[in-house]
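Please open the model in a viewer and keep the sequence panel at hand. The tour below proceeds by selections, each followed by a description of what is found there.

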Amino acid sequence: MKTSKVALVLMVLAMIATLVSCAPAPAPAPAQAPAAAATTAPAQAAAPAKAMKTYKDLTVGYAQLGSESEWRNANTASVKETAEQLGVKLIFSDAQQKQENQIAAIRSFIQQKVDVIGLPPVVTTGWETVLKEAKDAGIPVILVDRRADVPEDMYVSYIGSDFVEEGRNAGRTMAKIVNEKANIVELVGTVGSAPATDRQKGFLEITKDMPDMKMLDSQSGDFTRDGGKKVMEAFLKKYGKDITAVYAHNDDMAIGAIQAIEEAGMKPGTDIKIVSVDAVRGAFEAMIAGKLNATIECNPLLGPQFYEMALKAVNGETLPKWVPSKEGIYLPDNAKEILPTRKY
Ligand code: GYE
């Protein structure tokens with residue numbers, strides 16, 4: 001009795017399914033499915049599960065480029081904390097912004113036979129040889145944060161920001177703040193680095209057709225507070241009150257420039273308008289104090305995405321060549337409300 005009732009229900013269900021799908025009726029399938037699943041499913045699931053690695057099986061080498069900025073420190077914290085949370089074994093090195101140190105770190109990771117290497121290349125060029133060594137050793141390399149100018153088959157994925165778009169956003173925001181009329185000095189990031197090259201390119205793309213947006217000068221402050229301060233001091237000596245705006249490729253250099261402007265007896269944010277990139281906490285504090293006019297977000301919290309891609313890579317999945325970060329623009333208007341919600 002019971003069995004035939006079940007059979008009846010299944011038949012009705014099968015008929016409905018047929019009507020709904022308009023496909024040939026897999027009439028016996030519903031009745032057979034549970035039995036079939038009971039015998040075959042565990043075996044099917046077990047086979048790939050055995051071969052699949054988990055986070056706890058991973059040893060990852062991260063060739064961090066330095067600790068030059070608030071952004072970088074947040075990036076390092078994200079990479080370290082996420083490894084701990086996931087149970088990934090992390091071998092971390094800090095290259096102090098020197099490419100040769102990053103190359104040495106990668107070679108040591110290869111010797112230690114890590115499963116995956118994470119690399120934020122300090123500059124874009126000069127990576128072919130060492131990336132080939134990693135490739136020959138069968139170790140996937142994920143570029144994190146910064147791009148390298150190498151053929152796409154030298155790395156499995158790049159996780160990071162669209163620096164050209166950040167530059168455009170800085171240009172658009174600056175143009176609005178100064179009503180398309182300013183004498184600008186530019187504090188450039190590390191020469192030859194992807195963010196410095198691209199943030200300059202994007203900014204100029206926007207301002208080149210605005211005749212009163214004049215670029216007075218452009219110098220590298222190497223993405224550091226101290227560098228920004230020194231370059232701004234030199235600009236102030238050279239151009240004095242002619243300077244009406246500063247475009248800084250990161251917040252740290254903007255904060256250094258703010259100090260230099262104050263020491264020269266001028267008011268940053270008022271006498272000289274300032275737009276920078278990163279949106280770290282220090283930038284929000286400067287906006288609240290009225291000394292910075294805008295910051296364009298660049299997300300450093302790349303740890304979770306990095307390990308997700310690393311695990312997929314060791315499990316043989318093909319990864320997208322670029323995983324872009326989502327980012328916004330922040331102005332002083334609501335800096336006070338937003339600051340407590342910022343994680344970096
Ligand atoms: O903007 C800057 C840091 O590569 C995106 O490096 C990163 C940049 C960031 O020093 O603050």
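Two strands are said to pair if DSSP finds at least two bridges between them. By that criterion, strand β1 (residues 59–64) and strand β3 (residues 116–119) pair in the parallel sense, over 3 bridges. The model on display is a predicted one.

**The whole chain**

Before selecting any single part, display the entire chain as a cartoon. The chain has 12 helices and 12 strands. It holds 344 residues, of which 43% are buried. Consider next the contacts between residues at least 6 apart in sequence: 75% of them join residues at least 24 apart.

**First stop: strand β1 and its partners**

Select residues 59–64, which form strand β1. Is this strand enclosed or open to its surroundings? Of its 6 residues, 5 are buried, so the strand is largely enclosed by the rest of the structure.

Add residues 116–119, strand β3, to the selection. Within this pairing, Val60 of the chain stands opposite Val116 in β3.

Now add residues 89–94, strand β2, which pairs with β1 in the parallel sense over 6 bridges. Here Tyr62 has Phe92 in β2 as its bridge partner. To follow the connection between these two strands, show helix α3 as well: β1, α3 and β2 make a right-handed β-α-β unit.

From β2, move along to Gln97, which lies in the loop between β2 and α4 (99–111). Although Gln97 is not a glycine, its phi is positive, at about 60°. Gln97 is partly exposed, because 19 other C-beta atoms lie within 10 Å, whereas a buried residue requires 20 or more.

**Second stop: the six-strand sheet**

Clear the selection and turn to an open sheet of 6 strands. In what order do the strands of this sheet lie? The order is β7-β6-β8-β9-β10-β12, and the pairing is mixed. At the edges stand β7 (213–220) and β12 (329–330); each has a single partner strand, so one side of each is left without a neighbour in the sheet.

Select residues 245–248, strand β8. Both of its faces are covered: Ala245 and Tyr247 on one side, and Val246 and Ala248 on the other, are all buried. Next, display strand β6 (residues 182–188), which pairs with β8 in the parallel sense over 4 bridges. Ile184 can be found opposite Ala245 in β8.

Then display β9, which also pairs with β8 in the parallel sense, over 4 bridges. The bridge partner of Ala248 in β9 is Ser276. Ser276 also leads onward, since its bridge partner in β10 is Thr295. Strand β10 (residues 294–297) runs parallel to β9, and 4 bridges join the two.

**Third stop: helix α9 and the residue Asp278**

Keep β8 and β9 in view and add helix α9 (residues 251–263). Together, β8, α9 and β9 make a right-handed β-α-β unit.

Within helix α9, pick out Glu263. Is Glu263 buried or exposed? It counts as exposed, because it has 12 C-beta neighbours inside 10 Å. A distance may be drawn from here to Glu233: the two C-alpha atoms are separated by 8.9 Å, with the residues 30 apart along the chain.

Return to strand β9 and select Asp278. Asp278 has a positive phi of about 130°, although it is not a glycine. Asp278 is buried, with 30 other C-beta atoms within 10 Å.

**Last stop: the ligand and its shell**

Finally, select the ligand together with the 13 residues around it. Which of these residues come nearest? They are Ser69, Trp71, Pro195, Phe223 and Asn250. Two elements give two or more residues to the shell: α3 (70–86) and β9 (273–278). Both have appeared earlier in the tour, α3 in the unit with β1 and β2, and β9 in the unit with β8 and α9.

Colour the shell by residue class to see 5 nonpolar, 2 polar and 6 charged residues. Colouring by domain instead shows that the shell draws at least three residues from domain 1 (55–161 + 300–325) and at least three from domain 2 (163–298).

Conventions:
Residues numbered from 1 in each chain as written. Predicted model: local features only at pLDDT ≥ 70, side-chain atom pairs only at ≥ 80, totals over all residues. Near = placed C-beta within 6 Å. Nonpolar A, V, L, I, M, F, W, Y, C, P; charged D, E, K, R; others polar. Domains from an automatic or database assignment. Right-handed = clockwise from strand over helix to strand, strands pointing away. Contact = placed C-beta atoms within 7 Å.
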